[in-house]
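Thanks, everyone. I will talk through some strand pairing today, and I will keep it short.

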Amino acid sequence: MPNLKKKKESHLEEVIKDKMVIGFVAVVLVVSINFLVFSVLLDNNRQKVGAQGVNFLACGDVILTPGTTWHLAGNLDCTGMGTTGVTVVADNVTIDGQGYTIDGDIKDVFAGDASDFMPGYNEYDPTTWQWGVVAIDVNNLTIKNLHVANFFAGIGVGSTGPNITGTTIQNNTITNDVPYNLSFVTPPGIYLAASESSLVTQNNISGMGSPIILDGILNSTISNNDISGGWASGIKLQNSSINLTIENNNIKSSFKVGLTIDGGCTGNTVRGNNFVFNRKDISNFEASTVFIDNSSSHNIESVMIGEWVPDIIRNIGLGDTVDFQFGLMDASETFCPTCTYTVDINPTVILNNITQGVDGSGRPIVEGSFDATVAGTYSLQISVNDGSNTTYRNKMFYVNSTGSESSTYYFRAKEDIYPRAGFDSTHGQPKGRDDGAFLLTPPVEDETELCSKFVLNTVDELPDYPIGLVTEQNLSFWHKETLGLTAGLIRFGGNGGSWDPGISTGITQSPDANTYVYSSGEAVFSGLTNWVMDYPFSWYLMSFQFGRIWQPAPSDRFPFIQSRSASPSTNVITHVYPTTPAVKSISNSEILLLAAHPSIVNPLLNTITLDGSHASNHSVDITIDSYNYPFRNAITRINSDGTATLKASNVTSKTTFDSVNMAITPDSGYVDTNIITWDVGQSYYKKWSEFGSLSGINTAHVIFDMLPYTTYDIKVDGALFVRLVSNASGEITFNYDGGYSTHVFEVQNYSGGGIVVTEDMLADPESDTESKEPVVLDEISLPGDLQIGNVIKSASSNSVFVITSEGKRNVFSHENVFYSYFTSFENIIEVSDDIISQLPIGKNITMRPGTNMIKLQTNPSVYAVEPGGVLRMLENEAMAVLFYGENWAQRVVDVSDAFWPDYIEGDPLETAIYSTGTILRYLGNGDVWYIEEGIARLVSSEIYEINNYQEKYVVSNVMKIDFNYAPGEDLEVMHMFKDN
């Protein structure tokens, strides 16, 4: 790496002298420790004397007038000018961007020769940088509502003398199309130096090397900022920044650390911040820092989980007992034996022997174990709380069957000084001259990478099957330099510290030390048993390093790596992954795969558990190899190449997706499937939609888990497509080739009143052959002594049915539905499976009108039920109290989403009219009345008993003054299931 400190120190005086030229006024801020230099050239032609009112900005303006307000009238394109966007050298100035963008040169600088855009530009010299906004020696400055895009550095505010006061930087967006543009020189998004009583709040910063740097700041607040990415720290406090409040910031995806506090930065409070997906969450070097209510999730290194604990082998066998342990620290990285913790695991298994103790060095640890009872991907979630702050970390285990994948990555370099377009790292890796990339595509021309100490190539693309363990890396590369070269692997983050020990090695030297020519080098690293990819973004933290480790080169000798188009330099990375199921790709690495395993009941089916609680985008595609079963609660893309892609949206928390027992095989393109209803044990009714990528796809379907030898109608968009009989295993097979847009498919029992079989089935009752022209046998009457209204069940099933007037068997969908009609099971008739099979299946029975009110499990709205399953919503609690009294909630039961389609939603109830079917008794009168569409019908004691009414459902003590209905005819015998 270049010796930046020495280079900057030697160059500093020359920079200051060079800027003090005739025709310019130079203002230079020097920060001694960080060596950041502001150099603002005040071109006389761009100086602005503003009016006391609203003024409008142009590119390169220098604001000289105190007490002025400046707006952007629209987006400002400052590309090609090679100048700072706006410079402020007056007090009490407000810049309000009004949501508009000021756009700079940096994307053009990195696309070609820098001198074409910014003469004198030097990526290591801040005096030559293009800043979005710079303010020097000004008080009471406000910068708000501004989008600073593609400047080398964003907003810089500082002082060359006494501290400035009253700076407010609020609601700005700072972005850079060339993120992390230098590896060790890290241009800031916001740089605030030598300032007091300042506020930096509600800013959104992404793509900058150092999102926020606070340099010698006093008594200020940094709050509610969204920070994403950065090679260095998301927020850094340095040079005796004192009495700051760092609160409610979201800090995400920092390659190094989310928050760094240098020693000597005293009296600071860090409160309510959220650190997620960083390499490390916090580095605190000052004991006086107070941490309160901070949350840390899914960082590779978490200070509160003692990463000194050695990792364990994560590829384990089915039935094995897995021992694990982790350390206990507080947020300030102090041993914390009083910290509390939780340990959870997906899929759910019993955790054994969870105990807290100390290791051999007296450090507090937690130990435990679990038994791997099913094959697949396990996720051990560890949470530690120090009484205020909480950290959360996921550790992956891979049980039983694994596959092996070798992916060839190619060394891709940035051409000597400036990177080629499209080769830049995009996932948090270092950038600039000191970093190349590993890509899965080879170079089309020779590419060279060099540096004064070492070159660093980082994985920049995920391989297939990104969840697993790296076991070997086999490198073959062209290099030149002869003085003590080494090649090594680095895994930034993980147990054992940032640099995995014991993996660097010497490589073959050039044959002639004096020729300084390219020669071939090889390095093989095997046995990397603990290189676990707990998170997909772990791949981006893995690098190969070549050169003199921490040794400077002679002035004319640099380590080179070259990747040749005819003979590319490669790194073949081998890793193992679980094959039960084989998760081939994950489109959103912020959505965590917590578990993927076969169903315990049916190994053909899979269960996928995802966690999106810390993702900014809650959609993800999970592709599974060699699979063609659709999942519930998501779109499943069944591809003709043999893969299935779970396309999930709104994954905002832990969510489980189960596949259904239907195999779909398109002969070309893909079919998107959405499961709507999937009943597997009562009506067997199934409903789903399909969308085909091509109109002429022929899609094979196999539906399992139906009743054997039973006739089913297959409908497409409500029309009969084919009538089939299931085979002895309860399977139905059909092909659809009727042309695709979006179609709705249904499977339901044949409703013709008789048993339907095919000619082939008549000849051979064991045949699985289907026919689209079934033969309908004569209609049968009710078997045995059964009568309409009988309640029956089979000897081999717990399902309970009632025989309807059509000779069908309607299903009680839940026991609370059954008890709305009956008080016990004593009148149920048990019949043989043969008799059950002779009765065509009807539909689900809905809640008896006038009994329980119902609601969805996922919706608080409450409904009364009327005949025919019609729902009448109660619009508020006051109405519920009016109708049913203070204990109205005791009459409400939940209905599963699966059975909600059995009901029909009607108009909301009117205030003074009970729902039809209500049985009530007025206050002071013993008569019972049946309410029917606003009419009251008297119920005699005989009819009350025949109709099987229950006293617990009679609404008593009704005030007649409130519900005075016109009398109708006396109630007669009513068939309970006429409308069910």
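Before the first pair, a definition: two strands count as paired if DSSP finds at least two bridges between them. Keep in mind as well that this is a predicted model.

Start with strand S59, residues 662-666, and S62. These two run antiparallel and are joined by 5 bridges. To find the register, look at Met662: its bridge partner in S62 is Ile703.

S62, residues 699-703, also pairs with strand S65, residues 732-736. That pairing is antiparallel too, over 5 bridges. Here the residue to pick out is His701, whose bridge partner in S65 is Phe734.

Now the faces of S62. Which residues are on the covered face of this strand? They are Thr699, His701 and Ile703, while Ala700 and Val702 make up the uncovered face. Why the alternation? Because in a regular strand the side chains alternate between the two faces of the sheet. So His701 and Ile703, the bridge partners just mentioned, are both on the covered face, as side chains alternate between the two faces in a regular strand.

Next, an open sheet of 9 strands. The order is S52-S55-S57-S56-S60-S61-S66-S63-S64, and the pairing is antiparallel. Its edge strands are S52, at 583-586, and S64, at 719-725, each of which pairs on one side only. From one strand to the next, the twist averages 25 degrees.

Within that order, take S56 and S57. Strand S56 covers residues 635-639 and strand S57 residues 644-648, and 4 bridges pair them in the antiparallel sense. Thr636 has Leu646 as its bridge partner in S57.

That is where I will stop.

Definitions and conventions: Residues are numbered from 1 along each chain as its sequence is written. This is a predicted model: local features need pLDDT of at least 70, side-chain atom pairs count only at pLDDT 80 or more; totals for chains, interfaces and linings use all residues. Side-chain values use heavy atoms; hydrogens and water are left out. Buried means under 20% relative accessible area, exposed over 50%, partly exposed in between (1.4 Å probe, protein chains only). Helices (H or I, at least four residues) and strands (E, at least two) are DSSP runs, numbered from the N terminus. Axes are lines fitted to C-alpha atoms, for helices over the stretch in contact, and angles run from 0 to 180 degrees between N-to-C directions.
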